[in-house]
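Trainee: I'm new to this one. Can you walk me through it?
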Amino acid sequence: MASCTSASVKAQDDQVLVEETLSARTLILNRPRQLNALSNQMVSRLLELFIAYEEDPNVKLLVLKGNGRAFCAGGDVSAVVRYIREGDWKLGAKFFAKEYILNYVMATYAKPQVSILNGIVMGGGAGASIHGRFRVATENSVFAMPETALGLFPDVGASYFLSRLPRFFGEYVGLTGAKLDGAEMLESGLATHFVPSAKLSLLEEALHKEDSSDPVTISSIIDKYSQQPYLKEQSACLRLDVIDRCFSRRTVEEILSALEREAMNKADAWITTTIQSLKKASPTSLKISLRLIREGRLQGVGQCLVREYRMVCHVMQGKLSKDFFEGCRAILLDKDKNPKWEPSKLELISNNMVEQYFLKVVDEEWEDLKLPARFHLPGYAAAKL
Amino acid sequence: MASQYSSERAWFRTRILTNHFPSSPSLCVSPLESNACLSYSPPELHESYDFDTNEMRKLLDMHNIEDRDWLFGLMRQSKVFNPQEKGGRVYVAPDYNQSMEQQREMTMRRIAYLLERGVFNGWLTGKGLESEMKKFAFLEVVGIFDHSLSVKLGVHFFLWGGAIKFFGTERHHDKWLRDTETYAIKGCFAMSELGHGSNVRGIETLTVYDSKTGEFVINTPCESAQKYWIGGAANHATHTIVFSQLNINGSNQGVHAFIAQIRDADGNICPNIRIADCGHKIGLNGVDNGRIWFNNLRIPRENLLNSVADVSSDGKYLSAIKDPDQRFAAFLAPLTSGRVTIAVSAIYSSKISLATAIRYSLTRRAFSITPNGPEVLLLDYPSHQRRLLPLLAKTYAMSFAGNYLKMIYWKRTPESNKTLHVVSSAFKATLTWHNMRTLQECREACGGQGLKTENRVGHLKSEYDVQTTFEGDNNVLMQQVSKALLAEYVATQKKKKPFKGLGLEHMNEPCPIIPSQLTSTVLRSTQFQGYQLAEDLGRAFSDRAILQTFMEAEATVSVGPLKNVLSLLRSMYALTCMEEDAAFLRYGYLSTENAAAVRKEVTKLCSEVRPHALALVSSFGIPDAFLGPIAYNWIDANSWSSVKH
């Protein structure tokens, strides 16, 4: 499995490219036509490399970036849908299990991971970067957790990292799927640095020369190329008070009515957009996502991933709701952008229905996600955000 | 030899000290070398979870789990709740180093924050069991953050609001409940006086009726009649319930409750009222306790809370209940809610301290068994297990007792009032005493770390001490329990009928014969445990009633690992009670051999509960942000790099 570290692999058809320099290893996500969406093969390869590098004393630093205009647009959902259509949701479950274990390994990694987010960072892409120690945003960064519009929910450990954003910004980002730019990522703590893309090659060169695992040293190197970006005038980061007032509410219904009250007091395009994105999203997704984030706020990253795995299996099994299939049909396959959610309204979804997603999946072969034992838990992991 | 040793020590100290001095800006934040040193290993890595802690939490918290988590999150995310990062984790707790005035101000700001987010919706205007349960759940969660905050809410909603709701009639409800819920007015509750506390019937504040103007006139006739310890009175309250003797045409009708305004909307003290501060206290400094004197204060006739008795406009005293004793009892019955919430919150305080001390004891080592061998985890010492695990079992038992108490309070009827009074008095005293004892043991079990306010366990002692005397002095309450039980006994003997109610049915059976050889199986049987705890009246009643609630909770769980661990804890609870109470030996219910067998069994149970210790405290469902750094990575939290430079 781990015979990969010595030879530089650069074959064009490889979905993860590796560049070796002195003590740094640069991993390049290489499916540019699919915006580097994480395939099963990529996840396996990344996991292999991360585990091998952690043990390899010659490796001190990992750099992760994407080929082309995306860092990574998410997990390879179309493959998962294919598995399910072929009647084997458990293949999908295997994919997610592996992806979540990768997220967990990153969150508890002993060596610094620098992710260069020069483009799209969505869903699984966020999972592959935000858990790492350093996240470098640029003016090209576009971050989003768009799952609720797809009938899914923010997974890949998002219930851990979203819930730790300032105040109730995490609920806002997770429920609405709002897009954030590089400046907003830095402001909210999703990114640790902002480096203009023009300086990226200099930064990478400097990182390649470094022979240290000390986070303080790495941080000061990135600091040299960093600058303080300006938040755009309409930025959600400048509306933390409204977000706080509305998204702190107990239920999705109360969040919506709080937003509607704000809209009545003052006509505002931002609030209207926010309300619209909530109304377009799957009602079931909104409810399970809110509860997920709320529970995640009080738990460790491992517990979050275990719970998300239960939920994603329920979603794929399709017994509780078929919104995920409908979302994929409307957004990815038929592209009519007009999903028919079932149940169609928030008030039709009882607490009991939500509760089902958090219980174990009833299936003989199914079991909870088993995370590998790690030794950098948990204060260290929490320190990153 | 000695000088060589001391020079080595000196060199070692110098090296350590040099490491502490930053030689360059970057050095001061870089981690110290920790190769040969201790490292923190999270207990989750080596401890196992044999049962589902979420299921256990549901059993302990009983209701509104998701609502509780929402409120925990609401507090964790706000600056008002004073989040502090230590060793990479955020902890929320009040800054107890603030002055008394600042702490009081912060309590009000926290209330404003929670109010704005709808936490108190329905606390007084809500209907039905559902809103009642949610209110209790929220009060419990708030108390986990800070006792001052929950007491301040308790005074406003449960005492002031409760008095209006239960002593008042529709005209009072319409006028006051909504405004109370939105904090348009701030209420307090003036019952205790300098000269009278638990003996409410002896209070000296005096009210007469003036039929010419249709007003009541309230007076503080002497210094011992000043209202004392009135939470909210010193700074914030605008209105108060006044408990006073009511004198109509020269005849005293006993204690009645009135509404009086004490401050205007701008916070200025009203005419004919004098207010002074109770001053700094050993705890609860976030609550503004004050003293009140009334000088011919006139209030409209409608301000008499008239659910039990009324005064007509021409000055006639009207009451459906003729006997003043019964009138008084009917009057105070609704105050049971205070004892219920106090009993339950005492157990949450014990849970904080046990979760902290047990997590610490699973990460802190001391002394080696062999020379140069690894040091031993604190909780692997039988003596440490003996100190903490029986308290853990008792806390579980009393959690179930608290749940039972809440249930009988919510479902109370006029017929069940007596049971409710007896049970709530017994449990309030037992649970709050248990909490004080647990806090002290946990603070000692954390060693010096228990002294740090940030670690909570030691500080909670002064915050919760008040519980043993407010809303009824524990000793007085326990005497009332014994009195009620004796009366029940006498009445049953007279009527020659079997015992019914109050959980005394077992007294109808002949006294069981205790085998001279107590085997483990006998000791762990519910039948044996149930019979043994019925002695030594007040306390025995309480111990036994708690055991009963434990057995009932256990019975709802289906066979499996969860039930197994509950049965261990139940045995540990019952046997610990037997071991601690000398009455069993005094009255000869246990022989000295039996007592020795009980003691041995508790030790054995300790070793069986030990593997579940982490899972048992995780099941309390208290988020890490609400415990102290000592419960998590205490090395990181104390490292040089986390010192604020």
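Mentor: Sure, one term to start: buried means under 20% relative accessible area, exposed over 50%, and partly exposed in between, with a 1.4 Å probe and protein chains only. This is a predicted model, where local features need pLDDT of at least 70, side-chain atom pairs count only at pLDDT 80 or more, and totals for chains, interfaces and linings use all residues. Residues are numbered from 1 along each chain as its sequence is written, chains are lettered from A and ligands numbered from 1 in the order in which they are written, and side-chain values use heavy atoms, leaving out hydrogens and water.

Trainee: Okay, how much of chain A is buried?
Mentor: Buried residues are 61% of its 385 residues.

Trainee: And what size of box does chain A fill?
Mentor: Its C-alpha atoms take up roughly 60 × 50 × 40 Å along the principal axes.

Trainee: Switching topic, which residues touch the most other members of the largest nonpolar core?
Mentor: Phe143(A), Leu114(B), Phe243(B) and Tyr396(B), out of 285 residues. A nonpolar core is a set of buried Ala, Val, Leu, Ile, Met, Phe, Trp, Tyr and Cys residues joined through side-chain atoms within 4.5 Å.

Trainee: Which helix gives the most to this core?
Mentor: Helix H11 of chain B, residues 382-410, with 13 residues. Helices are DSSP runs of H or I, at least four residues, and strands are runs of E, at least two, numbered from the N terminus.

Trainee: What does Leu114(B) touch?
Mentor: Among them are Leu71(B), Met75(B), Phe81(B) and Val142(B), leaving out residues up to four places away in sequence. Contact means heavy atoms within 4.5 Å.

Trainee: How many helices and strands are in chain A?
Mentor: Chain A has 17 helices and 10 strands.
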